[in-house]
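Welcome, and thanks for bringing your viewer along. We will go from stop to stop, selecting a few residues at a time and looking at what is there.

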Amino acid sequence: MSTSIHGGRISPSDVRNATFEQVGHGYEPGAVHHFLAAVADQMDADRVQLEARGANAQDEMVKIISQAQVLAEKFVAEAEQYSKDLVASARTQYSEILRRAENAAVSRTEGQAVATTQAAPAYTTPIDEIEYVRTYTKVAQVQLRAVIDALAEQVDKLGDVPKSGQ
């Protein structure tokens, strides 16, 4: 073979320019050159197709990252709304419990006759409902923190996402 193969890779031009020493009853040179030209053309077509696939893959990757960013923003917005709803619910429950406690205190003082002029003992027993709301608020706060941390971790995994419109 009169062509040199550089670096172990054969290029389409190597195939097109290949020449062979003719010995004895070998193959028809025209048919060999025709076949080599067809192989070189196919190699060129494959290279073009691979390059196109690479560009398409990059476009697809950008689309997927953009979709992930939109989903992450949606989840963050849902988490924020959920936390606002929890806070509003806790405030409503707190107000209702406080109103009931005040009404109960007023009804007790009206129904009781003060027998002595001693000062009333200090209030030391927590109202169960207020403690329930406090516990509920703490649990909700821990859950929301976990959701926000998980979302932040997922967004960090996405890496640098190109800005939309670029």
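**Stop 1: a salt bridge along a helix**

Select Glu 60 and Lys 63 and show their side chains. The two form a salt bridge, with 3.8 Å between the closest N and O atoms. Please keep in mind as you look that this is a predicted model. Both residues belong to helix H2, where they sit three residues apart, or about one turn of the helix.

Are these two partners buried or exposed? Glu 60 counts as partly exposed because its relative accessibility is 43%. Lys 63 is partly exposed too, with a relative accessible area of 49%.

Now add Arg 16, Asp 41, Asp 44, Arg 47 and Glu 51 to your selection. These residues are joined into one network by salt bridges that share partners.

**Stop 2: inside the network**

Keep Arg 16 and Asp 41 on screen and hide the rest for a moment. Their side chains meet in a salt bridge at 2.8 Å, N to O. This pair links distant parts of the chain: Arg 16 is in helix H1 (residues 12-16), Asp 41 is in helix H2 (residues 29-111), and 25 residues separate them. Turn on a surface if you like: Arg 16 is partly exposed at a relative accessible area of 37%, and Asp 41 is partly exposed at 44%.

Next, bring back Asp 44 and Arg 47. Here a salt bridge joins the side chains at 3.8 Å, N to O. Because Asp 44 and Arg 47 are three residues apart in helix H2, about one helical turn separates them. Asp 44 has a relative accessible area of 23%, so it is partly exposed. Arg 47 also counts as partly exposed, at 42% relative accessibility.

How many salt bridges does the structure hold? There are eight, and the bridges of Glu 60 with Lys 63, Arg 16 with Asp 41 and Asp 44 with Arg 47 are among them.

**Stop 3: Met 43 and its neighbours**

Staying in helix H2, select Met 43. Which residues does Met 43 touch, leaving out those up to four places away in sequence? They are Ile 10, Ser 11, Pro 12 and Val 15. Draw a distance between the C-alpha atoms of Met 43 and Val 15: you should read 9.3 Å, for residues 28 apart along the chain. Met 43 counts as partly exposed, since its relative accessibility is 27%.

**Stop 4: the loop between H1 and H2**

Move to Ala 18, found in the loop between H1 and H2. With a relative accessibility of 4%, Ala 18 counts as buried, because the cut-off for buried is under 20%. Now add His 33, which is 15 residues from Ala 18 in sequence; the C-alpha atoms of the two are 8.3 Å apart.

His 33 also leads to the next thing to select, as it is one of the residues lining the second largest pocket. Show the full lining: Thr 19, Phe 20, Glu 21, Gln 22, Val 23, Gly 26, Tyr 27, Pro 29, Val 32 and His 33. The space in this pocket comes to about 220 Å³. Colour the lining by residue type and you will find five nonpolar residues, four polar and one charged.

**Stop 5: an aromatic pair**

Jump along the chain to Tyr 132 and Tyr 136 and show their rings. A search of the whole structure finds one aromatic pair, and this is it: the ring centres are 6.3 Å apart and the planes meet at 25°, so the pair is stacked. About one helical turn separates Tyr 132 and Tyr 136, because they are four residues apart in helix H3 (residues 128-158). Tyr 132 counts as exposed at 52% relative accessibility, while Tyr 136 counts as partly exposed at 28%.

**Last stop: the whole chain**

Finally, zoom out and switch to a cartoon view. The protein has three helices and zero strands, and the pattern along the sequence reads α-α-α. Of its 166 residues, 12% count as buried. Looking at contacts between residues at least 6 apart in sequence, 75% join residues at least 24 apart. The contacts of Met 43 with residues including Ile 10 and Ser 11 are a good place to return to with that view in mind.

Technical notes
Residues are numbered from 1 along each chain as its sequence is written. This is a predicted model: local features need pLDDT of at least 70, side-chain atom pairs count only at pLDDT 80 or more; totals for chains, interfaces and linings use all residues. Side-chain values use heavy atoms; hydrogens and water are left out. On a 1 Å grid over the protein atoms alone, a cavity is a set of points where a 1.4 Å probe fits but cannot get out, and a pocket is an open set with protein on both sides within 12 Å along at least five of seven lines; lining residues have an atom within 4 Å of a point. Grid points are joined across faces, edges and corners, and a volume is the space filled by probe spheres set on the points. Ala, Val, Leu, Ile, Met, Phe, Trp, Tyr, Cys and Pro count as nonpolar, Asp, Glu, Lys and Arg as charged, and the others, Gly among them, as polar. A salt bridge is a side-chain nitrogen of Lys or Arg within 4 Å of a carboxyl oxygen of Asp or Glu. Helices (H or I, at least four residues) and strands (E, at least two) are DSSP runs, numbered from the N terminus. Buried means under 20% relative accessible area, exposed over 50%, partly exposed in between (1.4 Å probe, protein chains only). Rings of Phe, Tyr and Trp (its six-membered ring) pair if their centres lie within 6.5 Å; planes under 30 degrees apart count as stacked, over 60 as edge-to-face and the rest as tilted. Contact means heavy atoms within 4.5 Å.
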